[in-house]
Amino acid sequence: MKAIVNISLKAGVLDSQGKAVHHALDSLKFEGVEDVRVGKQIIMKLTSTDEAAAKKEVTEMCEALLANTVIEDYEIELVK
Amino acid sequence: MKVSVVQFPGTNCEYDTEYAFKRLGAEVEIVWHKETSFAEGTDLVVVAGGFSYGDYLRSGAIARFSPVMQAVLAHAEKGGNVLGICNGFQVLTEAGLLPGALKRNEGLHFLSKHHHLKVATNSNVFLEKLAVNDVVNIPIAHHDGNYFIAEDERQALYDNDQVLLHYCDENGNATNPNGSVDAIAGVCNKAKNVFGLMPHPERAMESILGSDDGVKMLEGFFA
């Protein structure tokens, strides 16, 4: 099973990189962009075949290491 | 006075820190991250600046799981003083020893220059040799120095006198080089024995090199 973890700054925490990318898109005349958030994606190959157990384990990984929950949110996607 | 300076792979300020504390008369030992204890009688543990583990994932995120961090936690728990400078500050926030987190600088640039700081409180061992509102000139050198803490927790920091320093100009007027909330440059824990700041007092030890304002800060740890 594959786990895809998307990590981004929490809503309300200013995303300077997103802002800079937004400015750059503006200057390239892409005018339809309302907001930009830059995050990171961590892709893991898991040995587990049990979805619930995998979800639980990856959640623990996020809380312990992968995300800093003071400033970041994470979303977990499992792909068989 | 016995100081232990923690060294991770990628730490690069351990020798400056060693020099600074030796100059003030301390006995200094550099402690590799695989160690699990500090020398008997260690008074102060310094988590020095640098780029532990290449700042991979997040600054300080990997270092906090190094074996030596158990010793840092134990030292802090029994009331020993801990000082995190720059990357050390990031490591201590990641480890949960200090509140808040350090984000990428608002301007996205790496900043390396002298900066003035205003003392917000001196009711702690680190800043007791300075007066409130004193302005000191200390170098900064960081990419992720943008201090963040949620609004409700920020109030608690002020209520407990945990905000140590604010960035300012040479006249003490507020400026903000990196986007930190309230231009906060350093904080301590509630018990006031764990300190963290982005600026480098260990690089401000000689007036001939631009400033010796770091002396008064580090001297606070000497009885």
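Begin by selecting strand E1 (2-9), strand E2 (40-45) and strand E3 (72-79) of chain A, which are among the elements that cover the buried residues of H2(A). Keep in mind throughout the tour that this is a predicted model.

Next, select helix H2 itself, residues 51-66 of chain A, a run of 16 residues whose end C-alpha atoms are only 19 Å apart, short of the 22 Å that a straight helix would reach at 1.5 Å a residue. The residues to colour as buried in H2(A) are Val58(A), Cys62(A) and Leu66(A). Because they cover an arc of only 50° around the axis, they sit on the same side of H2(A). Turn the view to the face of H2(A) that points away from this buried side, and you will find the exposed residues Ala52(A), Ala53(A), Lys56(A), Glu60(A), Glu63(A) and Ala64(A).

Now move to where the two chains meet, a contact to which chain A gives eight residues and chain B gives 11 residues. On the side of chain B that touches chain A, there are five charged, four nonpolar and two polar residues.

Then show chain B alone, whose secondary structure comes to five helices and 11 strands. The radius of gyration of chain B is 16 Å, close to the 17 Å that the globule rule gives for 223 residues, so chain B is as compact as a globular protein of that length. Along the principal axes, the C-alpha atoms of chain B fill a box of roughly 45 × 35 × 30 Å, and 54% of the 223 residues in this chain are buried.

For the interior, select Val6(B), Val46(B), Val72(B) and Leu164(B), which touch the most other members of the largest nonpolar core, a set of 70 residues. Centre on Val72(B), and, leaving aside residues up to four places away in sequence, you will see that Val72(B) touches Val6(B), Val45(B), Val47(B) and Val82(B). Another core lies apart from the largest one and has seven residues, including Ala3(A), Cys62(A), Leu66(A) and Ala67(A).

As a last stop, select Ser180(B), which is placed in the loop between strand E9 (163-168) and strand E10 (184-188) of chain B. Is Ser180(B) buried or exposed? With 23 C-beta neighbours inside 10 Å, Ser180(B) counts as buried. Not counting residues up to four places away in sequence, Ser180(B) touches Gly145(B), Asn146(B), Tyr147(B) and Ala185(B). Finally, draw a line from Ser180(B) to Val3(B), two residues that are 177 residues apart in sequence and 30 Å apart in space, C-alpha to C-alpha.

Notes:
Residues numbered from 1 in each chain as written. Chains lettered and ligands numbered in written order. Predicted model: local features only at pLDDT ≥ 70, side-chain atom pairs only at ≥ 80, totals over all residues. Contact = placed C-beta atoms within 7 Å. Nonpolar A, V, L, I, M, F, W, Y, C, P; charged D, E, K, R; others polar. Helix = DSSP H or I, 4+ residues; strand = E, 2+ residues; numbered from the N terminus. Rg over C-alpha atoms; globule rule 2.2 N^0.38 Å. Buried ≥ 20, exposed ≤ 12 C-beta atoms within 10 Å, placed from the backbone. Core = buried A, V, L, I, M, F, W, Y, C linked by C-beta atoms within 7 Å. Expected span 1.5 Å × (residues − 1). Arc of directions from axis to C-beta.
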